[in-house]
Amino acid sequence: MLDPVDVRLLSALQRNAQASAADLSGTLNLSPSQISRRKARLEEAGYIRAYVAQLSPATLGLDVQAFIQVQMASQVPQDAAAFLTMIRARAEVISAWTLTGEADYLLRVYTPDLARLNHLIHAVILPNPSVARVQSQIVMDQPKPDAGLPV
């Protein structure tokens, strides 16, 4: 169970995962050792899964962000497993979700340009025998950046 200090600590870590216990102690009115103990407890309990760096796609030359909806032709478990193995191996696919509705999967991808997006769709995803249909949407702008979870 999270208390209000845990919630404030989690919120602070979502804003800056590199914040030290000393940095956080002033904000949370706790000693650095108390912060470290709480942080360790939250990690052990599974509230904190990882500490990551958010990289700049534009600086890395990844100028095209797109979402690709995939409708499967086959629902056979081994076909789905082969499809998932394929998308997990593609660096361009940064996240994937299974969905209800017409599309079975939603993929979020980054590529350097439209030619690479076209290649990913037409030479990698569509030739997969278990894929029936693909629909893509290219992101024009992202008015709200990826945010932390509401705690």
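Let's start in a loop: N29 sits between helix α2, residues 21-28, and helix α3, residues 32-44. Before I go on, please keep in mind that this is a predicted model. N29 has a positive phi of about 60°, even though it is not a glycine. Is N29 buried or exposed? With a relative accessibility of 65%, N29 counts as exposed.

Now let's follow the chain into α3 and look at salt bridges. How many does a search of the whole structure find? The count is six, and I'll walk you through some of them.

D6 forms a salt bridge with R38, and their closest N and O atoms are 2.7 Å apart. This pair links distant parts of the chain, with D6 in helix α1, residues 4-15, and R38 in helix α3, 32 residues apart. D6 and R38 are both buried. For D6 we can put a figure on that: its relative accessibility is 0%.

D6 has another partner too. The side chains of R41 and D6 meet in a salt bridge, at 2.8 Å from N to O. R41 lies in helix α3 and D6 in helix α1, so this pair ties together parts that are 35 residues apart in sequence. R41 has 39% relative accessibility, so R41 counts as partly exposed.

Let's move on to the strands. R108 forms a salt bridge with D146, and here the closest N and O atoms are 3.1 Å apart. Again the pair links distant parts of the chain: R108 is in strand β3, while D146 is in the segment after β4, 38 residues away. How do the two partners compare in accessibility? R108, at 9%, counts as buried, whereas D146, at 48%, counts as partly exposed. Coming back to the helices for a moment, salt bridges that share partners join D3, D6, R38 and R41 into one network.

R108 also takes us to the pockets. Which residues lie nearest the centre of the second largest pocket? They are L55, P57, I94, R108 and Y110, from a lining of 22 residues. Strands β1 (64-72) and β3 (105-111) each supply at least two residues of that lining. If you sort the lining by class, you get 13 nonpolar, four polar and five charged residues. The volume of this second largest pocket is about 660 Å³.

The largest pocket holds about 1,000 Å³ of space. Its lining also comes to 22 residues, and Q14, A50, V52, G148 and L149 lie nearest its centre. By class, the lining of the largest pocket divides into 13 nonpolar, six polar and three charged residues.

Next, a look at the surface. L114, I138 and M140 make a nonpolar patch of about 360 Å². I138 belongs to strand β4, residues 131-138. Why can I138 take part in a surface patch? Patch residues need over 30% relative accessible area, and I138 has 42%, so it counts as partly exposed.

For contrast, here is another isoleucine. I125 is in helix α5, residues 114-125. I125 is buried, with a relative accessible area of just 1%. And how far apart are I125 and F83 in space, C-alpha to C-alpha? The distance is 8.5 Å, although I125 and F83 are 42 residues apart in sequence.

That's my tour, and thanks for listening!

Methods:
Residues numbered from 1 in each chain as written. Predicted model: local features only at pLDDT ≥ 70, side-chain atom pairs only at ≥ 80, totals over all residues. Heavy atoms only, no water. 1 Å grid on protein atoms, 1.4 Å probe; cavity = no way out; pocket = protein on both sides within 12 Å on 5 of 7 lines; lining within 4 Å. Points joined across faces, edges and corners; volume = space filled by probe spheres on them. Nonpolar A, V, L, I, M, F, W, Y, C, P; charged D, E, K, R; others polar. Helix = DSSP H or I, 4+ residues; strand = E, 2+ residues; numbered from the N terminus. Patch = residues over 30% accessible without salt bridge, like charges linked within 9 Å, V, L, I, M, F, W, Y side chains within 5 Å. Areas by Shrake-Rupley, 256 points an atom, 1.4 Å probe, with all protein chains shown as cover. Salt bridge = Lys/Arg side-chain N within 4 Å of Asp/Glu carboxyl O. Buried < 20%, exposed > 50% of the residue type's maximum accessible area, 1.4 Å probe, protein only.
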